[in-house]
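Colleague: Could you take me through one part of this model in detail? I'd like to hear about the pocket and what sits around it.

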Amino acid sequence: MQFGAIGLQSFNDHALQKSFAVVDNTFSLTIDNHEILTRSLHSPEIKKELDAIEYTFHAFPYRIQVIYELKAGWHFVSKRILVSTESGNRQFRVNHIQVLGGEISEHIAGVFVPHSFWTRVSKKVNDYALFARLKDRTGIYMLVQNPFLSVKREVEQFAISFSPE
């Protein structure tokens with residue numbers, strides 16, 4: 001995996017002997033009705049570990065940690081976004097979060113977006129993941145562990161987000 005100033009830039013699939021580049025890998029949050037975009041934040045603090053890299057952004061009064069992990073034996077990259085306050089004692093509400101957003105450097109030949117099994121509970125159709133088939137008959141599977149997602153795609157650009165309420 002290769003990481004840049006704000007997140008994942010590319011990853012390799014050794015079995016396929018192929019690299020995948022991610023252009024403009026971003027996230028965004030709306031907290032207490034205030035939108036926070038990756039591009040509007042100052043350069044993050046970066047902490048590297050053996051099987052993880054952590055980016056810490058500051059958007060006063062919030063601290064946003066974006067953690068990528070790839071453990072031995074895994075065939076996927078994990079991304080977590082943690083939000084806390086700088087002082088640690090303020091309550092806040094996350095109105096919306098875009099967990100994954102960006103562009104894949106290769107042409108996407110087709111997309112399948114399965115719907116959530118939770119539609120019976122929420123009474124609306126929600127997305128669950130994004131399967132992107134590339135023109136060389138390989139593909140990328142993007143999953144966020146939340147059954148209330150919204151997947152948007154335009155050409156090679158994608159966004160996976162949800163609103164908690």
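Modeller: Here is a look at the largest pocket and some of its surroundings. It's a predicted model, so to speak: local features need pLDDT of at least 70, side-chain atom pairs count only at pLDDT 80 or more, and totals for chains, interfaces and linings use all residues. Numbering runs from 1 along each chain as its sequence is written, and side-chain values use heavy atoms, with hydrogens and water left out.

The largest pocket holds about 1300 Å³ of space. A pocket here is an open set of points on a 1 Å grid over the protein atoms alone, where a 1.4 Å probe fits, with protein on both sides within 12 Å along at least five of seven lines; lining residues have an atom within 4 Å of a point. There are 39 lining residues, and the closest to the centre are Phe76, Val77, Ser78, Lys79 and Tyr141. By class, 27 are nonpolar, nine polar and three charged.

Strand 9 (94–104) and strand 12 are among the elements giving two or more residues to that lining; strands are DSSP runs of E, at least two residues. Strand 12 (139–143) is also an edge strand, as is strand 10 (108–112), in an open antiparallel sheet ordered 10-11-12. Strands pair if DSSP finds at least two bridges between them; strands 10 and 11 have four.

Strand 9 also carries Gln98, which is buried at 18% relative accessible area (under 20%, 1.4 Å probe, protein chains only). Beyond neighbours within four places in sequence, Gln98 contacts Thr26, Phe27, Ser28, Ala159, Ile160 and Ser161 (heavy atoms within 4.5 Å).

Note on methods:
Points joined across faces, edges and corners; volume = space filled by probe spheres on them. Nonpolar A, V, L, I, M, F, W, Y, C, P; charged D, E, K, R; others polar. Buried < 20%, exposed > 50% of the residue type's maximum accessible area, 1.4 Å probe, protein only.
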